[in-house]
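This report describes selected parts of one protein structure. Look at the sequence and the structure first, then read the sections in order.

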Amino acid sequence: MAHVDLSKYRPYIVIGFVVLFTLLVIWMRGFIPAADMVTPEGVNLLGVDPWYNLRQVEQVVANFPGYAWFDAMTLYPTGDVIYWGPLFIQIISALCILAGATTRPEILVVASWVPPLMGAAMVPVTYLLARKLADWKTGLIAAGLIAVISGNYAYRSIFAFVDHHIAETLFSTIFVLAYIAALLAARDRPLSPKNLEALKIPVIMAALAGIGYLLGYFNMPTMILFALIVAAFTLVQFLLDFFQDQSSDYLVLVNVVTFGVVILGTVAFGFPHPGLDLSRYTVGHVIACVALIAGTLALYGLSAFLKERPKYYFPAALVALAALAVAVLFVALPEVYNLLISSLISFFGEAPVTTTVMEARAWSFEAAWSTFHWGLVLAAGGAATLIWWSREKANPGHVFVLIWTGIIPASTAAHLRYEYYLAANIALLAAIFAGAVINVTWKDAVRLLRPGSGDDAPEPVERQEKAKKGKKGARSRDTGKPKVPPKDRPDPLKVGAFAAVVVVTLLFGGICFGTTLDMAKTVKYGGIDSQWMETLEWMSANTPDPGVDYYAIHDGDTFTYPEESYGVMSWWDYGHLITFVSKRIPNNNPFQHGVAGPNGSAVYLTSTSEEKANQILDNIGTRYVITTHEIATGKFHAPATWADQEVRTTPFQPYFLLPASAGSTSYQAVPFYTQQYYLTMIARLHNLDGSMTDPGPEVLYAEYREPGTVNNSLPVVTRMEQMNATAAAAAVEAYNKSAPAGSAATLLNLFHEIRADSILHPVERVPALQHYRLVHETPQNVFINAGADGPNLKVIKIFEYVPGAHIKGDGIIEVPVTTNTGRAFTYRQESANGEFVVPYATSGWSGEVKTTGPYRIAGTGQTFDVTEEDIQQGRTIN
């Protein structure tokens, strides 16, 4: 049978597989989720930030190619600065214009396709990078792995996750590809005027690397991370070259050209932001690139100066010069020091508030294994392979990948969000290891499967037949099957290594494929839920227009808000939804702006004083407050942490140590609610409707030993008993008057995860809020199985902040209220200084939440009618 030479078909086979993997991405991350997510209303986008990106797309489509660096539709009353670049948004906007997408549903569909298409583009880019570092087989393995790899990378490149994360990964990988290609093209070409023609290709590749960097930079200023990677690589490669007596001319050429292009492009792009902040588009990026080029030239000069001296001189001189440079910057140029040194330290640090932001949290080994599992093992093997290949003469491309892969995991360990960058490294290194092992063991595996095959195969049958004939044509005795020479026998260890690597690689790819496919099928449930959509659409239709053109591009230096404008207070998670769906202006947003500080949402939501809370709303021009069950319970730790990073939730939801069981000597930490929790604005608004609320029939009386008294880090309960609220309060007062040293008593309530409706029952009386009236609530009851007579707490509520009418009198005033869902409650308030300040109108009000009778002072026959005008004007009613 004729032997078929497949080598001449190899390019077509390779292209076929790359196209197949690319189409797999489009099918799995595009068509599968799109089938369930595209509706006549458009697409219910995933996550939070994508909604703001769509707000930007609508704005750019209306003003193409203009881009707003300031947005008046968020962070009232100052507006907010946009700190990321226009490229991702302008790509989507251009596609919308080309596709004729002008309505919101059409724009949503077009935009939703961009992330999977960028994910598909990663396949050929990853192939080319792996091919450049190793061979075509490695390239195909890398292309296949990046097509199926799961985790944050897959989620952020899926249909409807319209955010710039996948663009960050794509453009940075393109930069790495071009930069490595430039290094490899330039490494054997010395810098010389006589060698200009030979330098043409390296210069072109280095310029392309600069363009690749600029693409990433125009998308996000985070691209500066890759300048840091280049700086670290340059230092390491100079050391390796010096110790191996290799010229480092190529590093000078590539870095000067690459970052010269970057500097020119950055200057041409301009500096929308002031200062030297590397997290924004400032002149600091030019300074950093100039410093990188200067550092490269300094290293080159130092290596040339020390060329004939002992090898240890070079690293010793580097340490001394680095220490001197840092000291000089710290003393003489503190702004540049902060730019280059402090920014680096803070980037890899973690503040307590970052634990409240999912993508900013630290990365754990468990999370890493959950995402990449066997890919981590293969990637470690890939790193070892690159080190092994560089043992005699370091390949700068391999060294760069090692440095790149060292810094990206460190970034991911500090901030989970960078996991989507790491996917490219894992796929690449896993492929390098798999490809290297396959190359070494392939022949042995083939020999096992097909004895006699391979480079050292036995002679063809025709030649064997001739050998069997003796002299004068006589046939020699047939000895049976030809024996396989020892050199043609498969090596068992190599066959085992081949099988192990193939199995682990397939296992890694197969698990990733299954995980990504499952995500593609279920991701439709990740958008705005029905309760939030109902709330936001109601707000859009039933609250006053703030008077700001939603589509206009405003100048942040000259813009002023119209008199009728106002802000909407909620937690920062929901700010972009308020902007996009309701077209109203939130006081804070998911950039975590408007959260911290004396006027931040964190202080407002956890404030236990209505007077102080009102002052915050007055300062930032708030008219409406949106509350949710999540903020009052599961997410309460977030505003508490932002409000006070030292004590966090301790004053509101402390943990106490209780015996694990009756008579047990072991203890478990159990959370409880204190009265401080029920006095917070979020609890008083959402749980108690802003009404005066008395304690439940029974509360928990607890005696405890304070932390540190018996080697305990938490209070240890020594006695706990359910009591009548009045008796319990008296018992606390009596115990604390003569409590032993280190002991105290307090009132507590069970945590919501132990007893869900405990959030509705304070441990002491909670006074009414005087300036907040409920204007809308969602239909769904948090207590789904409560029944008609059970507790009824809605998922989301909207309150209006009003001046309130003043009514003279003493005692407790009441008014019956019926909400838009038909839920009835009584608003109650105790007088202060001989008057009541009430928020609900009993006439002249056209809203959905209505009073069903006049105000009445309990125990008297006095009733009062209060008009809407009385409420808004703050009038006094006698």
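## Two helices at an angle

Helices α14 and α15 are roughly perpendicular to each other, because an angle from 65 to 115 degrees is counted that way and theirs is about 95°. The model described here is a predicted one. Helix α14 covers residues 365–372 and helix α15 covers residues 374–389, and their axes lie 6 Å apart where the two pack.

Which residues make the contact between α14 and α15? From α14 come Ala-368, Trp-369 and Phe-372, while α15 gives Trp-374, Gly-375, Leu-376 and Val-377. Sorted by class, this contact has 6 nonpolar residues, 1 polar residue and no charged ones.

## A sheet of four strands

Strands of a sheet pair through backbone hydrogen bonds, and a pair can be parallel or antiparallel. One open sheet in this model has 4 strands in the order β5-β6-β13-β12, and its pairing is mixed. Strands β5 (567–569) and β12 (772–777) are at the edges; each has a single partner strand, so one side of each has no neighbour in the sheet. On average, neighbouring strands of this sheet are turned by 30° against each other, if direction is ignored.

The edge strand β12 runs antiparallel to β13, which spans residues 796–801, and 5 bridges join the two. Within β12 and β13, Leu-774 stands opposite Phe-799.

## Helices on the four-stranded sheet

Helix α20, made of residues 530–542, packs on this sheet. The strands that α20 touches are β5, β6 (622–628), β12 and β13. The direction of α20 makes about 25° with that of β13.

Helix α23, residues 610–620, also lies across β5, β6, β12 and β13. Its direction runs at about 70° to β12.

## A sheet of three strands

A second section of the report concerns an open sheet of 3 strands, with the order β17-β14-β21 and mixed pairing. Its edge strands are β17 (835–838) and β21 (876–877), each of which pairs on one side only.

Strand β14 covers residues 805–808 and is joined to β17 by 4 bridges. These two strands, β14 and β17, run antiparallel. Ile-807 stands opposite Phe-836 in β17.

## The cavity

How many cavities of 30 Å³ or more are counted? The count is 1. The space in the largest cavity is about 40 Å³.

Its lining consists of Glu-698, Val-699, Leu-700, Gln-722, Asn-749, Leu-750 and Arg-755. By class, the lining has 3 nonpolar, 2 polar and 2 charged residues. Two strands, β9 (698–705) and β11 (743–750), each supply at least two residues of this lining. The largest share comes from β9, with 3 residues.

## Backbone details in two loops

Where is Pro-65 found? Pro-65 is in the loop between α2 (49–63) and β3 (70–71). The peptide bond that leads from Phe-64 to Pro-65 is cis, with omega near 0°.

The loop between β3 and β4 (80–81) holds Pro-77. Pro-77 is joined to Tyr-76 by a cis peptide bond, for which omega is about 10°. Leu-75 also has its place in the loop between β3 and β4. Although Leu-75 is not a glycine, its phi is positive, at about 60°.

Terms used:
Residues numbered from 1 in each chain as written. Predicted model: local features only at pLDDT ≥ 70, side-chain atom pairs only at ≥ 80, totals over all residues. Heavy atoms only, no water. Pairing = 2+ DSSP bridges. Axes fitted to C-alpha atoms, helices over the stretch in contact; angles between N-to-C directions. Contact = heavy atoms within 4.5 Å. 1 Å grid on protein atoms, 1.4 Å probe; cavity = no way out; pocket = protein on both sides within 12 Å on 5 of 7 lines; lining within 4 Å. Points joined across faces, edges and corners; volume = space filled by probe spheres on them. Nonpolar A, V, L, I, M, F, W, Y, C, P; charged D, E, K, R; others polar. Parallel < 35°, antiparallel > 145°, perpendicular 65-115°, else oblique.
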